[in-house]
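Reader: Hi! I'm in my first year and still learning to look at structures. Could you pick one small part of this one and take me through it closely, then show me what lies around it?

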Amino acid sequence: MNEIAAILLFTLAAGACIPLGGFIASFEHIHSRWLEQELRHSVIALGGGILLGAVAIVLVPEGIASMNGSMLAIPLVLGGGLTFFVIERALGLHRHESPQVMGMLLDYVPEAIAIGGLISLGSPAAPLLALLIGLQNLPEGFNAFRELHATGQRSARRTLLIMVSLVAIGPIAGLGGYYLLADFPAALGAIMLFASGGLLYLIFQDIAPQSRLNRHWAPPLGAVIGFSVALFGDMVMRGG
C-alpha cells in the first residue's frame with residue numbers, strides 16, 4: 001500500500017471512531033440511574049486502559065528506540081506531563097467540566113503525528129498504534145458526546161456534526177508527521193515520549209478519577225480490560 005494512502009486510511013479510520021462513539025451514545029436510553037452511572041464509568045475506564053496500553057506498548061518503546069535509548073527520554077516524558085498540566089489549567093478543564101472532550105483532542109493529535117512518522121520510518125508498529133487510537137477514540141467519543149450534549153446548549157445532531165469535523169484532524173496531523181519527521185527519527189521519538197508523559201497525566205488526572213464510583217468495583221476493571229486489548233494486539237502483531 002502506498003504510504004500516503006496508508007496514513008489517510010489509518011488516521012481516518014481511527015478518527016471515525018470519535019463520531020461513531022458519539023452516535024452510539026446518542027441512542028443510549030438507560031432508565032436505571034445506577035446502570036447508567038455504571039456504564040459511563042466503565043466506558044471511561046475502558047478508554048483509559050487502552051490509552052495506557054498505547055503508551056506502554058507503542059509510544060514509549062518506539063520513542064526510546066527512535067532516540068537510540070537516550071536518557072533524554074526521561075525529561076521528555078516529564079516535560080510532556082508538565083505541559084499537559086499547564087494546558088489543562090490554562091483552559092480551565094475542570095471549571096468547564098469537559099475533561100473527556102479536551103483530553104480526546106490532546107491525545108489524538110500527537111498520536112496521529114506519530115502514525116505518519118512511524119510509516120515514514122517503515123515501522124511495523126504503525127498499524128497497531130492506529131488500531132489502539134481507534135479503540136480509545138470509541139469510548140472517548142461516547143463520553144465526549146455525553147459531556148457536550150449534557151450542557152443543553154447543542155442538539156444531538158449538532159453535537160455529532162462537531163465530532164465529525166474532528167475526524168479531519170487525524171489525516172492532517174499524520175501527513176505532517178510523515179513529511180516533517182521522515183528524516184528526523186530522533187524528533188519523532190521525542191514527540192512520542194513527550195506525548196506519553198502528557199497522556200499519562202490525563203489518564204491519572206481526568207480519566208481514572210472519573211472511572212471510580214463509591215462502593216463499586218466493576219468500572220476499574222475496564223482499565224484492565226483495555227490494557228489487555230492493547231497487549232493482545234501487540235502479541236498478534238509479533239506473532240506470539
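Author: Happy to! Let's begin with a single side chain: that of S123 makes a polar contact with the side chain of E62, at 3.3 Å. Keep in mind as you look that this is a predicted model. The side chain of S123 also reaches a backbone atom, the nitrogen of A125, at 3.2 Å.

Where are we along the chain? S123 is found in the loop between α5, residues 99-120, and α6, residues 126-150. Is this serine buried or exposed? Its relative accessibility is 14%, and because buried means under 20%, S123 counts as buried. If you leave out residues up to four places away in sequence, S123 touches E62 and L118.

L118 is a handy stepping stone to the next part of the picture. It is among the residues with the most contacts inside the largest nonpolar core, together with V58, L59, L129 and L132. That core has 43 residues. Several elements give it two or more residues: α1 (3-26), α2 (33-66), α5, α6, α7 (156-165), α8 (169-181) and α9 (185-211). The largest share, nine residues, comes from α6. As a general pattern, nonpolar side chains in soluble globular proteins tend to be buried together.

Now try V58, another of the core residues with the most contacts. Again leaving out residues up to four places away in sequence, V58 touches G53, G63, L118, A125, L128, L129 and L132. You have already met two of these: L118, which S123 touches, and A125, whose backbone nitrogen the S123 side chain reaches.

From here, follow α6 to one of its helix partners. The axes of α6 and α7 come within 10 Å and cross at roughly 135°, so the two helices are oblique to each other. Their crossing is right-handed. On the α6 side, the contact is made by G141, A144, F145, L148 and H149, and on the α7 side by A156, T159, L160 and M163.

Finally, α7 also packs with α1, at an angle of about 165° and with the axes 8 Å apart. α1 and α7 are therefore roughly antiparallel to each other, and this crossing is right-handed. Here I18, P19, G22, F23 and S26 in α1 meet L160, M163 and V164 in α7. Look for L160 and M163 in particular: both appear in the contact with α6 and in the meeting with α1.

How values were computed. Residues are numbered from 1 along each chain as its sequence is written. This is a predicted model: local features need pLDDT of at least 70, side-chain atom pairs count only at pLDDT 80 or more; totals for chains, interfaces and linings use all residues. Side-chain values use heavy atoms; hydrogens and water are left out. Helices (H or I, at least four residues) and strands (E, at least two) are DSSP runs, numbered from the N terminus. Buried means under 20% relative accessible area, exposed over 50%, partly exposed in between (1.4 Å probe, protein chains only). A polar contact is a pair of N or O atoms within 3.5 Å; within protein, one must be able to donate a hydrogen and the other to accept it, and residues adjacent in sequence count only if both atoms are side-chain atoms. Contact means heavy atoms within 4.5 Å. A nonpolar core is a set of buried Ala, Val, Leu, Ile, Met, Phe, Trp, Tyr and Cys residues joined through side-chain atoms within 4.5 Å. Axes are lines fitted to C-alpha atoms, for helices over the stretch in contact, and angles run from 0 to 180 degrees between N-to-C directions. Angles under 35 degrees count as roughly parallel, over 145 as roughly antiparallel, 65 to 115 as roughly perpendicular and the rest as oblique. A crossing is left-handed if the near helix is turned anticlockwise from the far one by less than a right angle, and right-handed if clockwise.
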